Amino acid sequence: MAVQLPPNRGPCQSSRVSTHHWTELKIHQNFPDVGLYVAGVLVCFGERHLIATMPDRLDVLTGSCVQIPCSFDIPHQNKYTFNSTILTSGVWIKENSNFGERPDRVIFNSTEMVNRYQGKITGNMSQKNCTTVFFNVTTSYTNKYNLRIERQPFRATDTEKSVNIVVSDLPSSPNLTVSGEVKEGTPVSLNCSAVAPCPEHPPELTWTLPTQFTTENQLQEYPDQTKSVLSTVTFTPSYLHHEKNITCTAVYPVGTSNKTAEHNMMLNVSFSPKDTSASISPAHPVSVGSCVNLTCSSTANPPVTNFTWFKISEGKTTQVASGQSYTLNVTVGGLYYCEARNSHGCGKSNEVQLAIKGQEEPVNPKVFEIVGKTLGLIFLFSLIVFFSWRRRTSRLPRGFDMTDRSQGLNSPVGTVCSNQATVSRGNQEPPLNNLDGLQAQVNQRGAC
């Protein structure tokens with residue numbers, strides 16, 4: 001007997017056979033290779049006559065649906081038997097691809113009206129798209145499944161590829177990630193994704209953050225054609241947000257109710273030193289020769305790497321020490337402050353006064369600055385009032401001016417100016433209508 005070999009084919013590899021219903025076996029003793037003649041198609045041992053592409057695993061919710069992304073291909077030696085004009089059946093086999101002794105393992109056949117599993121093939125089989133949806137899944141659906149294609153005269157099952165469906169009552173937690181470093185004052189994005197095993201009813205993602213934010217949601221597809229919902233949050237962090245919790249919640253619609261899962265994460269915000277302060281112990285005036293301790297404290301992330309102490313004396317600032325604590329023997333008093341620094345910047349503390357017993361406490365130079373500015377403003381205002389008065393009196397008639405001066409001698413205002421004219425006309429009150437004269441007397445007192 002002669003063995004029928006396909007053209008341009010090498011020896012067949014010995015292995016199991018993935019096709020069924022063979023009608024003729026022809027073996028020639030002179031050929032080391034063995035072939036099967038299956039319904040007019042030669043099939044060699046070890047060859048995959050059907051190559052299915054599908055995810056390795058799908059996590060599904062009880063009561064929801066599951067979509068199995070699926071496609072298949074026929075090796076070239078059998079392609080001529082695959083005619084797109086002929087009806088093609090997609091068959092799903094549960095647990096074990098060998099269903100000869102267990103026909104109940106066939107849970108779905110696209111050409112059958114009634115199946116064990118309620119579902120449908122949504123892909124175009126003529127284009128080798130076998131994407132399938134099963135509805136109202138239960139925990140009993142948890143198992144692995146193989147694909148079989150039947151189209152006369154071709155029938156084959158891919159025994160080497162299966163999809164593992166895992167059904168649970170609660171959804172898995174969404175995945176929460178941060179893009180880049182979370183740094184104070186720099187906008188940052190947070191990404192939250194949740195699997196969508198039933199694209200017809202994808203989950204809704206919501207956020208809980210300690211600040212205002214903007215969101216963007218989209219349905220994305222992975223290389224294995226599984227889908228998920230991605231939500232991106234953009235905000236500008238502050239040091240006040242450090243170690244604050246954020247939450248992404250996925251809400252899955254299942255029937256008339258919802259099932260939720262969430263992911264919590266603590267923000268790790270990098271920032272320069274904040275709330276830097278200096279303290280002195282003892283805080284009361286100390287004796288010359290005694291020891292005092294100055295301490296610098298600050299909040300920073302990453303932690304402060306360098307503390308520096310400065311002294312202000314006679315208006316000059318001098319660096320005197322490094323380190324978080326500074327101990328010194330008292331010789332003279334003065335003002336001290338510290339600076340805290342990390343990789344993001346520095347922070348300056350308040351100024352503390354080192355006072356010595358029996359000595360007048362030096363005044364903070366800032367006090368002199370404030371007093372000087374205040375006196376300068378008062379002097380400037382006085383000059384403006386004075387020149388305003390001079391300008392007004394220079395425009396008055398000569399007789400009116402003499403009357404005003406003589407009347408001011410016996411008025412309560414006029415008596416405080418001893419260097420004024422000594423002419424007296426008795427105790428007379430200034431006329432009520434002589435308002436300009438009264439104003440001039442007030443201005444005279446302010447200028448003295």
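Trainee: Quick one to start, are Cys65 and Cys198 buried or exposed?

Mentor: Cys65 is buried, and Cys198 is buried as well, where buried means under 20% relative accessible area, exposed means over 50%, and partly exposed is in between (1.4 Å probe, protein chains only). Bear in mind that this is a predicted model, in which local features need pLDDT of at least 70 and side-chain atom pairs count only at pLDDT 80 or more, while totals for chains, interfaces and linings use all residues. Residues are numbered from 1 along each chain as its sequence is written, and side-chain values use heavy atoms, with hydrogens and water left out.

Trainee: And how many disulfides does the structure hold?

Mentor: There are four disulfides, each counted as a pair of cysteine sulfur atoms within 2.5 Å. One of them joins Cys65 to Cys198, whose sulfur atoms are 1.8 Å apart.

Trainee: Why is the disulfide of Cys65 and Cys198 called right-handed?

Mentor: The torsion about its S-S bond is about 95°, so the disulfide of Cys65 and Cys198 is right-handed. The pair links distant parts of the chain, with Cys65 in the loop between strands S4 (57-61) and S5 (66-68) and Cys198 in the loop between strands S15 (188-195) and S16 (204-208), 133 residues apart. Strands here are DSSP runs of E, at least two residues long, and are numbered from the N terminus.

Trainee: What about Cys70 and Cys130, which hand does that link have?

Mentor: The link of Cys70 and Cys130 is left-handed, with -75° about the S-S bond. Cys70 lies in the loop between S5 and strand S6 (71-73), and Cys130 in the loop between strand S9 (119-121) and S10, so the pair ties together parts that are 60 residues apart in sequence. Both Cys70 and Cys130 are buried.

Trainee: Where does the Cys192 and Cys248 pair sit?

Mentor: The sulfur atoms of Cys192 and Cys248 are 1.9 Å apart, and their link is left-handed, at -85°. Cys192 lies in strand S15 and Cys248 in strand S19 (residues 245-254), so this disulfide ties together parts that are 56 residues apart in sequence.

Trainee: Changing topic, how many aromatic pairs are there?

Mentor: The structure holds eight aromatic pairs, meaning rings of Phe, Tyr and Trp (its six-membered ring) with centres within 6.5 Å, where planes under 30 degrees apart count as stacked, over 60 as edge-to-face and the rest as tilted. The rings of Phe108 and Phe134 have centres 5.8 Å apart and planes at 75°, so that pair is edge-to-face. Phe108 is in strand S8 (residues 106-109) and Phe134 in strand S10 (residues 132-134), 26 residues apart.

Trainee: Which residues share an aromatic cluster with Phe108 and Phe134?

Mentor: Tyr117, Tyr141 and Tyr145 form one aromatic cluster with Phe108 and Phe134. Phe108 is buried, at a relative accessible area of 3%, and Phe134 is buried at 0%.

Trainee: Which residues touch the most other members of the largest nonpolar core?

Mentor: Of its 29 residues, those are Phe72, Trp92, Phe134, Tyr145, Leu147 and Val163; a nonpolar core is a set of buried Ala, Val, Leu, Ile, Met, Phe, Trp, Tyr and Cys residues joined through side-chain atoms within 4.5 Å. Elements giving two or more residues to this core include S4, S5 and S8.

Trainee: Last thing, what sits over the ring of Tyr337?

Mentor: The charged end of Lys348 does, 4.5 Å from the ring centre, where the rule asks for NZ of Lys or CZ of Arg within 6 Å of the centre and within 35 degrees of the ring normal. Lys274 likewise lies over the face of Tyr239, at 5.4 Å from the ring centre.

Technical notes:
Helices (H or I, at least four residues) and strands (E, at least two) are DSSP runs, numbered from the N terminus.
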